[in-house]
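Thanks for asking me to look at this one. Here are my notes, point by point.

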Amino acid sequence: MSKAVISPSTASGLPDSEPARGSLFSHAAVNSRPVALVYRLITLAVILTGVIRHANLLTGDPSWTTVLFYTMVSNLICLAWVLLLIVRTVRDLRQSGPLGTSTPSARGSGAVMFAITVTMLIYLIVLVPTRFADGDAEIFSLTDNLIHIITPVLLIIDWLVFVPKGSFRWIDPPLWTLIPYAYLTWAFAYGALGGEFTPGQTYPYPFMDVDALGIAGVTQWIIALTIALVAVGYVFVIIDRALGSLARRIARR
């Protein structure tokens, strides 16, 4: 009688990158590396297009100051992450074949998804109303849509479709805020030292304008936004854990 071989991933109960019994949908994800690769290549091209357009890199006058804003920082984080996903997917495709999922870390996907979701929500909740009030005719331009809406949606879809579910923890949303809070800390320090985000402006976003809102007003804005964004993070966690639980029940049948 032959001995049963148990893989480390099976023994630990962690989601395996290989789909059980050749299923294309185990672990609440589409387990097709060729499909994931095509999607991620398209996503990379879209993000790169948004970054290039936003920074005017194809013109004779690039806007290097765009890297001072969280919008560009979060888009560059997504660019690097998707590039890493592509490299991992190609490697796994060559070594393990077309069936399976490929991600360096499901929780890492959550952190990056949260970071760019912050960009989308701040844009829609704070910046759009402010720019409408200022009579900005460029609102919802192609570039704005690419960097504020389309890129976040693409990262959320990548997680929903291609990343195994069930890895998120209840502590993750507060941990995910470390990325935007690191930016806030740097931005306040940069402005306090006289750095300008645009000519004559020492803050990147209206809710960070201490001169207009005062320290108490800025603090209230940051607390309110933190609560709202962490709540969105918990929506991601609930979806992840629910889908992971459902996938495990289906696998046991």
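1. Helices (H or I, at least four residues) and strands (E, at least two) are DSSP runs, numbered from the N terminus. On that basis the protein chain reads α-α-α-α-α-α-α-α from the N terminus on, with eight helices and zero strands.

2. A word on where this comes from: it is a predicted model, in which local features need pLDDT of at least 70 and side-chain atom pairs count only at pLDDT 80 or more, while totals for chains, interfaces and linings use all residues. Residues are numbered from 1 along each chain as its sequence is written, and side-chain values use heavy atoms, with hydrogens and water left out.

3. For overall dimensions, the C-alpha trace spans about 80 × 40 × 30 Å along its principal axes. Of the 253 residues in the protein chain, 42% are buried (under 20% relative accessible area, 1.4 Å probe, protein chains only).

4. Contacts (heavy atoms within 4.5 Å) are worth a look too. Among those between residues at least 6 apart in sequence, 73% join residues at least 24 apart.

5. Now for the inside. The largest cavity (points on a 1 Å grid over the protein atoms alone where a 1.4 Å probe fits but cannot get out) has a volume of about 230 Å³, taken as the space filled by probe spheres set on the points. Its lining (residues with an atom within 4 Å of a point) has 18 residues, and Val 118, Ile 122, Pro 180, Phe 207 and Leu 229 are the closest to the centre.

6. Which element gives the largest share of that lining? It is α4, with five residues.

Methods. Buried means under 20% relative accessible area, exposed over 50%, partly exposed in between (1.4 Å probe, protein chains only). On a 1 Å grid over the protein atoms alone, a cavity is a set of points where a 1.4 Å probe fits but cannot get out, and a pocket is an open set with protein on both sides within 12 Å along at least five of seven lines; lining residues have an atom within 4 Å of a point.
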